[in-house]
Amino acid sequence: MIIQVKDLHKYFGSLEVLKGINCNIEEREVVCVIGPSGSGKSTFLRCLNMLEEITSGQVIINGHDLTDPKTDINMVRTEVGMVFQRFNLFPHKTVLENVMLAPVKVRRVPVEEARKKGLELLAKVGLSDKADVYPDNLSGGQMQRVAIARALAMNPKIMLFDEPTSALDPELVGEVLAVMKDLAREGMTMVVVTHEMGFAREVGDRVIFMDQGIIMEEGDPEQIFSNPQHERTRSFLRKVYS
Amino acid sequence: MNSGLKIEWNYAVEALPFLPEGVKYTVITAD
């Protein structure tokens, strides 16, 4: 297992947002996390990279227990790429500079080598012609593809996506999902919090339905979407498709 | 004396939380 989550609890003040999550994810698995707003799915994802402090329980990434004080969290994080709803690009750096930043500053990759790899990644996400452009001059879909290329520049073992298409105009969603589908086909381990049920159904190996801070139901996408066992899942899917 | 305005790119840094501290900030100096 590349990700193990054991009895994960998370409080914000007195509010318990995650109420004992248990979950194992295998290498090369694509897991899509769905559920209503406020169900804890983004908090769960952020706990996998310790962007949220874990109140109790364990998160083990590639054998490293994030809750162990002896663990070098930043070292573990270098192998976990993260993509956000709002792109989170550095606005004062060009597209290529955004992609090159971490390999050069963290992995000490020589600049020319990082540039070459950066250009390859931009080609992979279909943005070869935007290398010297600043993020403000890109569409949302283009910015998100840069964010994906930037995350890939560190050669991560795991990619975490937090509603990567939610801030996009509908006509731009497809280009981002296409890049994510390619990654899944290449065998990347992916955890994707998403409202894109079509993507979850088509690309996910497993779908997790979260509600009120717990995993209410999980399983094969076909089973979750065609024959959900729990009434909450049925009710959520009815609303999504209505 | 102008000490400049220190801006932390918090939201951008979340994507690369392992960046060294010095890279997480930029300083804009105003005249």
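**Close-ups around strand E9(A)**

**View 1. Strand E9(A), tucked inside the predicted model.** Here 6 of the 6 residues of E9(A) are buried, so the strand is largely enclosed by the rest of the structure. Look at how the residues split: Arg206(A), Ile208(A) and Met210(A) point one way, while Val207(A), Phe209(A) and Asp211(A) point the other way, and all are buried.

**View 2. The aromatic pair of Phe209(A) and Phe236(A).** Searching the whole structure over all chains turns up just 1 aromatic pair. Its partners are Phe209(A) and Phe236(A), in a tilted arrangement with 5.2 Å centre to centre and 40° between the planes. Phe209(A) belongs to strand E9 (residues 206–211) and Phe236(A) to helix H9 (residues 231–241), both of chain A, so the pair ties together parts that sit 27 residues apart in sequence. Both rings' residues are tucked away: Phe209(A) is buried at a relative accessible area of 0%, and Phe236(A) is buried at 9%.

**View 3. E9(A) beside strand E3 of chain A.** Strand E3 (residues 30–34) and E9(A) run parallel, joined by 4 bridges. One spot to zoom in on is Val33(A), whose bridge partner in E9(A) is Ile208(A).

**View 4. E9(A) and strand E10 of chain A, with their hairpin.** Strand E10 (residues 214–219) runs antiparallel to E9(A), with 5 bridges joining the two. Val207(A), for instance, finds its bridge partner in Gly219(A) of E10(A). The hairpin has 2 residues between the strands, and in it Gln212(A) takes a positive phi near 50°.

Terms used: Residues are numbered from 1 along each chain as its sequence is written. Chains are lettered from A and ligands numbered from 1 in the order in which they are written. This is a predicted model: local features need pLDDT of at least 70, side-chain atom pairs count only at pLDDT 80 or more; totals for chains, interfaces and linings use all residues. Side-chain values use heavy atoms; hydrogens and water are left out. Rings of Phe, Tyr and Trp (its six-membered ring) pair if their centres lie within 6.5 Å; planes under 30 degrees apart count as stacked, over 60 as edge-to-face and the rest as tilted. Buried means under 20% relative accessible area, exposed over 50%, partly exposed in between (1.4 Å probe, protein chains only). Two strands pair if DSSP finds at least two bridges between them.
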